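Colleague: I'd like a close look at one part of this predicted model. Please walk me through the second largest cavity and whatever packs around the elements that line it.

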Amino acid sequence: MAEVQVKVKHQGKVYEVTVNTESIGEELKYQLFSLTNVEPENQKILAKKLIKDDTPLSSLGLKSGNTITLIGNPAADLVFEAPKERTKFREDMTEAELAQQEDAIPAGLQNTGNTCYANATLQTLRSIPELQQELQRYTASAPSASSASSLFSAEQLAQHGIGGLGSGNDLTSALRDLYQQMSGTQQGFPPIMFLTTLRQQFPQFAERAKSGHGYAQQDAEEVWSQLVHVLQGSLKSSDDNQDGPKSWVDKFMGGTFEVKTTCDDAPEEEATVNTETFTDLKCNIASDTNHLREGIKIALNEKIEKNSPSLGREATYSRTSRIARLPKYLPIHLIRFFWRKDTKKKAKILRKVTFQHEIDLSEFCTDELRKKIVPVRDQVREVRKEEEDVERAKKRQKRMRKEMEESVNGESSVRNDEPLQKKKDKEKERELKAKGPASEGELDGEKKAAGGTQDTEMGGTETFKTDEEIEKERAEQILAAKKELLSLVHEDMKKDSTAGQTGLYELRGVVTHQGSSADSGHYTAYVKKTAPAGKAEDGKWWWFNDEKVQEVESEKIEALAGGGETHSALILLYRAVELPEVKEP
C-alpha cells in the first residue's frame with residue numbers, strides 16, 4: 001500500500017492527512033469527514049482537479065507535502081428545516097391509516113353464504129384504478145324509496161357498523177360505498193349492503209339454496225356482466241364530444257367489432273357488414289382447444305343458421321368478427337360452463353386451456369386497425385429490448401467490478417476481467433519464472449515453445465469511457481427509441497387515448513373456479529400487485545380467497561389453466577400495454 005502525507009486546507013485550518021494512493025475518492029471523503037465533520041455528499045475536494053467518488057487517487061500524482069483544498073460546511077453548521085408533520089409510528093396509526101401504507105394487505109370480503117362468486121368479481125373489478133376514481137365522483141340521481149335493509153335486520157347492519165350505508169336500489173352507489181369501506185381496513189369486510197342491493201335489482205341472485213338454508217351459488221360471469229351493464233348505464237361520460245363514448249364503460253372497456261356475414265350455401269349472395277360493440281371477448285373451448293388464442297379464434301369465426309333471402313330457406317352463414325377498436329381494459333371470458341339437459345345443471349368443461357401474461361391481439365383486428373397498431377407494437381418491443389440490454393450491461397459491469405476488486409485484494413497477479421488467452425499466458429509466464437530461466441531471451445524462447453504470445457508494442461493510446469458517459473449514451477439511445485415510438489402513433493389513435501394503442505395486453509386479474517359445475521364449487525380472484533409511483537412492480541400477485549388474502553408468486557397464475565376440478569381461470573382481465581412517457585434529461 002503506497003501512502004503519502006498531504007496537507008488539507010479547510011476553513012482556515014490545516015490538517016495533516018495520510019492518504020492511501022491506491023484507494024479512490026470516496027474513501028478519502030470519509031477520512032476527511034472524520035476530521036472535519038463535513039458530510040461526504042457535501043464535500044468538494046480540489047487537487048489539480050475535482051476529486052469524485054470514483055476518482056482513483058493514483059491518477060492525481062500526489063506526493064508527500066502536497067496541499068489539497070476541502071470546501072464544505074460541517075454538519076453542525078447546516079440548518080435543517082423542522083418536519084412540517086410529526087412522524088407517526090405504526091402503533092399510533094388508525095386502521096384506516098394502516099390500510100393506506102405501501103406494504104398494507106388489501107381487504108378481503110367475508111363469505112356470507114355462497115357469495116364467493118360475487119367476492120371474486122368485486123376484487124377483480126376493484127383492481128381498475130380508473131373505475132374507483134369514477135365511482136368517487138358518482139352521485140345517485142335520486143334515492144329510492146325502497147330500503148336496502150329489507151333482507152337484513154337493523155341489528156345485523158349495526159353489528160358490522162354499516163347501518164347508515166346503502167342507497168336503496170342504486171347498485172352503483174352500493175359499489176362505491178363498498179370500495180370506500182374496503183380502502184379503510186385490512187380485515188375481511190362483509191359486503192352486506194351491496195349483496196342486498198344486487199338481489200333486489202336482479203332477483204336471480206336471490207335464489208335460495210335447494211337445501212333451504214341460505215342463498216344458492218351463482219355464476220361469477222353472470223354477476224360480472226350485470227355489474228358492467230349497470231355501470232354502463234349509470235357512469236355517464238362527461239365528454240362534450242357527441243360522437244365520443246357515452247359512458248365510462250364505453251370509454252375504458254368498450255370495443256367495436258366489424259362483423260361480416262356471408263352465405264356458405266349461396267356465395268353469390270351479397271355479404272352484409274355491420275358494426276357491433278362489446279365489453280369482453282369470448283374464448284370458446286372445443287375438444288381440440290389448447291390455448292386462449294385458439295378459443296378466441298373460434299368465437300370470432302362462427303357458423304350460424306338463418307333464412308336466406310336469395311334461396312328462400314334456412315341456410316348456413318359464416319359470421320366473421322374483427323376488432324375495429326381495442327379497449328384499455330379487456331376481460332376475456334373462458335366459456336367453461338354449458339347447460340346439461342340430463343342433469344339440469346351448468347356443467348364445467350375441465351379441459352386445460354393455457355394463457356399468457358401478455359397477449360397480442362393484432363391478428364384479430366381489421367386490416368385498417370392493424371396497419372395503425374403493428375408499427376407501434378414492433379417499436380414497443382424494440383424499446384423493451386434496449387432497456388433489457390441496458391439492465392444486462394449494468395449487471396455485467398457490476399459483476400466485473402466485483403471480480404476486479406476481489407482480484408486486487410487477493411494475491412493473484414492474474415486479473416479476472418482479462419481475456420482467457422491473456423490469463424493463460426500470464427500463468428505460464430509465472431511458472432517459467434518460478435523455474436528460473438537464465439535470461440529474458442531464454443524466457444521469450446520458452447514462452448514461444450509453450451505457445452504463449454510475446455509482448456507487442458502498442459501503436460497508439462487507447463481511451464476508455466467513464467461509467468457516467470456510458471450511462472448517458474444508453475439513456476440517450478432509449479430516449480431516442482421512445483421518441484421514435486411516439487412518432488409512429490397514428491393521428492386517429494391519438495384522438496382516442498383510452499383505446500388500446502399497441503395491440504399488446506398484460507394480465508392484471510383472474511377470476512377462478514374450483515369444482516365441476518357453476519352452481520357449486522368455489523370462486524377466488526388473483527390481482528397483480530401494483531407498485532408505488534417511481535418503483536417497478538415485483539411481479540407478485542394477491543390471492544383473494546374470500547376474507548383470506550395472501551401474496552403469491554407469478555408461477556401460481558400459470559397453474560390456473562385447468563385440466564381438472566382444481567382452480568381454473570374463468571375470467572381474465574387484461575390491460576392494454578401503454579405508450580411510454582418521454583422525460584427529457
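Modeller: Strand 11 gives the second largest cavity the largest share of its lining, three residues. A cavity here is a set of points on a 1 Å grid, over the protein atoms alone, where a 1.4 Å probe fits but cannot get out, and lining residues have an atom within 4 Å of a point. The whole structure has two cavities of 30 Å³ or more, and the second largest holds about 30 Å³ of space, volume being what is filled by probe spheres set on the points.

Around that space sit Glu-221, Trp-224, Asp-280, Pro-331, Ile-332, His-333 and Ile-571. Two elements supply two or more of these residues: helix 8 (220–234) and strand 11 (329–335). Both are DSSP runs numbered from the N terminus (helices H or I, at least four residues; strands E, at least two). By class, the lining has four nonpolar residues, one polar and two charged. Ala, Val, Leu, Ile, Met, Phe, Trp, Tyr, Cys and Pro count as nonpolar, Asp, Glu, Lys and Arg as charged, and the others as polar.

Now follow helix 8 away from the cavity. The axes of helix 6 and helix 8 come within 9 Å, crossing at roughly 105 degrees, which means that helix 6 is roughly perpendicular to helix 8 (65 to 115 degrees). Leu-171, Thr-172 and Leu-175 of helix 6 touch Leu-227, Val-230, Leu-231 and Ser-234 of helix 8, contact meaning heavy atoms within 4.5 Å. Five of the residues in this contact are nonpolar and two are polar, with no charged ones.

Helix 6 (residues 171–182) also packs on helix 3 (residues 116–125), at about 80 degrees with the axes 12 Å apart. So helix 3 is roughly perpendicular to helix 6 as well. From helix 3 come Leu-122, Gln-123 and Leu-125, meeting Leu-175, Leu-178, Tyr-179 and Met-182 of helix 6. Six residues of this contact are nonpolar, one is polar and none is charged. Leu-175 takes part in both contacts, facing helix 8 and helix 3.

How far to trust it? Mean pLDDT (confidence per residue, 0 to 100) is 84, and 80% of the residues reach 70 or more. Local features need pLDDT of at least 70 and side-chain atom pairs 80 or more, while totals for chains, interfaces and linings use all residues. Residues are numbered from 1 along each chain, and side-chain values use heavy atoms, without hydrogens or water.

Methods:
Axes fitted to C-alpha atoms, helices over the stretch in contact; angles between N-to-C directions. Parallel < 35°, antiparallel > 145°, perpendicular 65-115°, else oblique. pLDDT = per-residue confidence, 0-100. 1 Å grid on protein atoms, 1.4 Å probe; cavity = no way out; pocket = protein on both sides within 12 Å on 5 of 7 lines; lining within 4 Å.
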